[in-house]
Amino acid sequence: MHKIHIGTSGWAYPTWKPDFYPPKTPASKFLEYYATQLNCVEVNYTYRARPAVNTLQNWAAATPEGFTFVAKAHQRITHIKRLADVEQDVDAFFASLQPLLHAKKLGPVLFQLPPNLKADADRLSKFLKILPKDAPSAVEYRNVSWFNDQIYSLMREHNVALCIAESDDLAVPEVFTADFAYYRLRKSDYSEQEIEEVEKRLRAAALEREVYAFLKHEETPEGALNARKLLEKLATEG
């Protein structure tokens with residue numbers, strides 16, 4: 001199998017104690033402990049702010065070799081300018097992530113689109129052409145109008161992954177458009193049986209490509225616990 005990266009969307013939740021974080025773990029050590037349990041994290045912070053260089057360097061230093069950070073693209077690109085005329089914004093965003101790239105801990109960038117942005121193949125085509133060719137990217141569509149072969153074909157042309165997201169309200173078709181797969185597992189609750197089904201899906205995807213999967217981050221620790229359970233299953237079972 002190709003490598004499977006599993007985590008949650010964020011780690012700074014004191015309410016994950018004591019079920020995920022040990023009771024006496026200080027907030028300053030959350031990331032360090034998180035990285036002993038999971039091998040990837042999706043960073044939402046980058047959606048609203050540009051992180052300081054020393055912040056990213058500290059994140060890299062707190063995590064072991066092989067740990068990966070996935071960054072959500074800034075809202076200026078996806079929600080304010082809605083993918084149009086964003087070449088300078090995209091360049092600046094990727095440049096801001098250089099400390100993680102230099103530490104060899106940068107994974108894909110996720111471009112999450114607003115639900116009210118409907119399919120526009122021309123807009124998407126222009127956007128995909130400005131993405132760095134050497135940096136993996138994924139797009140999460142939250143309007144069903146995007147789920148069609150024309151859109152998938154454009155994404156394959158640029159090796160950009162369709163984010164396979166599932167929530168209580170929307171399920172994205174399990175279509176692969178890049179040499180890696182990106183899952184966002186966002187249902188409010190997952191039963192044991194559903195976790196087993198997710199494991200099978202990730203294992204099947206990993207036969208062909210590298211896989212990134214993130215469970216829902218909330219004040220309760222279930223997402224982190226399920227992510228750990230999945231990673232353990234995938235690491236120990238044939």
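Student: Which residues of helix α7 are buried?

Tutor: In this predicted model, helix α7 spans residues 121-130, and A121, L124, S125, F127, L128 and I130 are its buried residues. They pack against α4 (75-80), α5 (87-96), β4 (106-112) and α8 (149-157).

Student: What makes D120 a cap of the N-terminal end of α7?

Tutor: A side-chain oxygen of D120 lies 3.3 Å from the backbone nitrogen of D122. The limit for a polar contact is 3.5 Å, so the pair counts as one.

Student: How many aromatic pairs does the structure hold?

Tutor: The structure holds 20.

Student: Why is the pair of F20 and Y34 called edge-to-face?

Tutor: The ring centres are 6.3 Å apart, within the 6.5 Å limit for a pair, and the planes stand at 65°, over the 60 degrees required, so the pair is edge-to-face. F20 lies in the loop between β1 (4-8) and α1 (30-37), and Y34 lies in helix α1, so the pair ties together parts 14 residues apart in sequence. Both F20 and Y34 are buried.

Student: What makes Y45 and W59 an edge-to-face pair?

Tutor: Their centres lie 6.4 Å apart with 75° between the planes; pairing needs centres within 6.5 Å and edge-to-face needs over 60 degrees, so both conditions are met. Y45 belongs to helix α2 and W59 to helix α3.

Student: Why is W59 called buried and Y45 partly exposed?

Tutor: W59 has a relative accessible area of 13%, under the 20% limit, so W59 is buried. Y45 has 45%, between 20% and 50%, so Y45 is partly exposed.

Terms used. Residues are numbered from 1 along each chain as its sequence is written. This is a predicted model: local features need pLDDT of at least 70, side-chain atom pairs count only at pLDDT 80 or more; totals for chains, interfaces and linings use all residues. Side-chain values use heavy atoms; hydrogens and water are left out. Buried means under 20% relative accessible area, exposed over 50%, partly exposed in between (1.4 Å probe, protein chains only). Helices (H or I, at least four residues) and strands (E, at least two) are DSSP runs, numbered from the N terminus. Contact means heavy atoms within 4.5 Å. A polar contact is a pair of N or O atoms within 3.5 Å; within protein, one must be able to donate a hydrogen and the other to accept it, and residues adjacent in sequence count only if both atoms are side-chain atoms. Rings of Phe, Tyr and Trp (its six-membered ring) pair if their centres lie within 6.5 Å; planes under 30 degrees apart count as stacked, over 60 as edge-to-face and the rest as tilted.
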